[in-house]
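Visitor: I should like to go through this structure with you. Could we begin with the overall fold and then turn to individual residues?
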Amino acid sequence: MIWSVLALGAYAMVVLWISPRRVSERQFFDASSASGAAPRIWLLGVSAAVSWIMAKSINNAINLSADYGFWGGAGYAAYWLSFIVAGVVIHGLRTRGGYTSLTQFLTHRYGGAATKAFLVVIAIRLFNEVWSNTKVTALFFGDEGSGIYWAAALGFTLLTLFYSWRGGLRSSVLTDGFQMLLLAALAVLVSLFLIPGFQTSGWPSVNTGVVTPAMRAGGITFLGLALVQIFSYPFHDPVLTDRAFINDPGKMLRAFVLAGLLGGGVILLFSFVGLYALSGGLGSQPTAAVAVARSLGLGMMLIFNVIMMLSAGSTLDSTFSSTAKFSARDWPGRFDEPDHRQVRLGRKAMLVMALLGNLPLLSLYIDGIGPAVIAATTISGTAVMGLAPIFILARTRNANPWSFHLAFWPGVVLGVAKLLEDFVGWHLLPAWMTLGQGAYASTLGLNVYGVALCTLGFLVGNRVGAMLPRAARVSES
């Protein structure tokens, strides 16, 4: 435990040294330098990549590869193709429409009601990022509910809140550079350390008998789910999309391609930990990552502790900076030059999010409530399937508020139905909707048929828009 505390102290000193002590209003929201220059391509790409390599993501990749073999980890790494999809789409919005944010685009194209509906989903996403990262990090300090667990969760949250409060997005981007470089180095180190273990026990595959055909099929099903969701998932994550507007569109696109390749590669390396757990029969209690780290001794436990701090910190500071922008600029619909009042409002929102975002951790003391509360916060992943046509087909003729709502709300309804089916036991979705095998077969089918339904709704909305009087449309862009 003492080594973990020392690691946290060393991490705190580095990020406090890197993060700026004072920034201008513009720097707080757009991460520009003191001279007004936007982050360079490599810094923006690294920052975007590591903002998604959260503690929860590493943990999920490890668990998926432990459950399904190689294809489970590869499926999770495929989500980083979201950066390329979002980069291409947002590049078009910026170069053709001159938009400076997604909220400005949505308001202009689909109206204020559509923008507010979208922002509610964004708020759920931001809330979800806080507890999920502090929880995974705290588990490496002690058992859930122990005193050191709570001290780690509180200390880590306060540290990240402090430097995010001072520098906003500028602090987030600068610390991301350090976090990504060290995280990538540790990912390579861990992978190299685990290779001899594979040589002893054999690579976990169907041929060696460690992976069953059903496990492999389940992993491929999950990969299919990822390849469907990358066309909608990135647009509901402000941690990703906020970074798409802080540099020249062309440089942004190159940075996002870099982020997708770099982030996906690092996640794939971390998935080897799950394969190691699978080949060695180490189990997954409390997580596969913790099980592997404990089996390899104090040194590896400390390395994993640092990995989780780096990944959680990079996501948590991005969450706080996006919360500030959400509250001070996106929700009020402010697209003008930021001022000190917006910075003050953004900082207050950071504090509120830090407090509310950790409340789900308390649910472990309420029998039966914890899993349902935590699952409810993850509804956004499936429920936002309607964002795919809303953004990708935005340039189609006659796109209007009807297009948005007839695409958006069917996805939300299907997402809620899936949540109720999984965690309440209500069977609301037909059996024929299942595609593939394993635990994600119903989710894959729901997303494939759901995206088709949402796209049809969008096109019907376009048709309705074509019949509306010219003055009733939001725009003719």
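Visitor: How many helices and strands are there in the protein?
Guide: This is a predicted model, and the protein in it has 20 helices and zero strands.

Visitor: What is its radius of gyration, and what does the globule rule give?
Guide: The radius of gyration is 22 Å, close to the 23 Å that the globule rule gives for 477 residues, so the protein is as compact as a globular protein of that length. The C-alpha trace spans about 70 × 55 × 45 Å along the principal axes.

Visitor: What share of the residues counts as buried?
Guide: Of the 477 residues, 57% are buried. As for the contacts with a separation of 6 or more, 83% of them are between residues 24 or more positions apart.

Visitor: And the surface: how much area does the protein expose?
Guide: About 18,800 Å² is exposed, and 68% of that area is supplied by carbon and sulfur atoms.

Visitor: How far apart are the mean positions of the positive and negative charges?
Guide: They are 8 Å apart, for 31 positive and 19 negative charges.

Visitor: Let us change to a single helix. What does helix 10 reach from its first C-alpha to its last?
Guide: Helix 10 covers residues 213-229, which is 17 residues, and reaches 24 Å. That is close to the 24 Å expected at 1.5 Å a residue.

Visitor: Which of its residues are buried?
Guide: The buried residues of helix 10 are M215, A217, G218, G219, T221, F222, L223, L225, A226 and Q229. As background, an α-helix has 3.6 residues a turn, so residues three or four places apart point the same way.

Visitor: Now S314, please. Where is it placed, and is it buried or exposed?
Guide: S314 lies in helix 14, residues 298-330. Its relative accessible area is 0%, under the 20% cut-off, so S314 counts as buried.

Visitor: What is S314 in contact with, leaving aside neighbours within four places in sequence?
Guide: With that exclusion, S314 is in contact with V50, S51, I53, D176 and Q179. In addition, the C-alpha atoms of S314 and T160 are separated by 8.9 Å, although these two residues are 154 residues apart along the chain.

Visitor: One last residue: which helix holds Q342, and what is its relative accessibility?
Guide: Q342 belongs to helix 15, residues 340-357. Q342 has 3% relative accessibility and counts as buried.

Visitor: And which residues is Q342 in contact with, again leaving aside neighbours within four places in sequence?
Guide: Q342 is in contact with F29, A328, R329, R334, D336 and E337 on that basis.

How values were computed. Residues are numbered from 1 along each chain as its sequence is written. This is a predicted model: local features need pLDDT of at least 70, side-chain atom pairs count only at pLDDT 80 or more; totals for chains, interfaces and linings use all residues. Side-chain values use heavy atoms; hydrogens and water are left out. Helices (H or I, at least four residues) and strands (E, at least two) are DSSP runs, numbered from the N terminus. The radius of gyration is taken over C-alpha atoms; the globule rule is 2.2 Å times the number of residues to the power 0.38. Buried means under 20% relative accessible area, exposed over 50%, partly exposed in between (1.4 Å probe, protein chains only). Contact means heavy atoms within 4.5 Å. Accessible areas come from the Shrake-Rupley method with a 1.4 Å probe; for residues, only the protein chains shown count as cover. Lys and Arg count as positive and Asp and Glu as negative; His and the chain ends are not counted. The place of a charge is taken as NZ of Lys, CZ of Arg, CG of Asp or CD of Glu. The expected span of a helix is 1.5 Å times one less than its number of residues.
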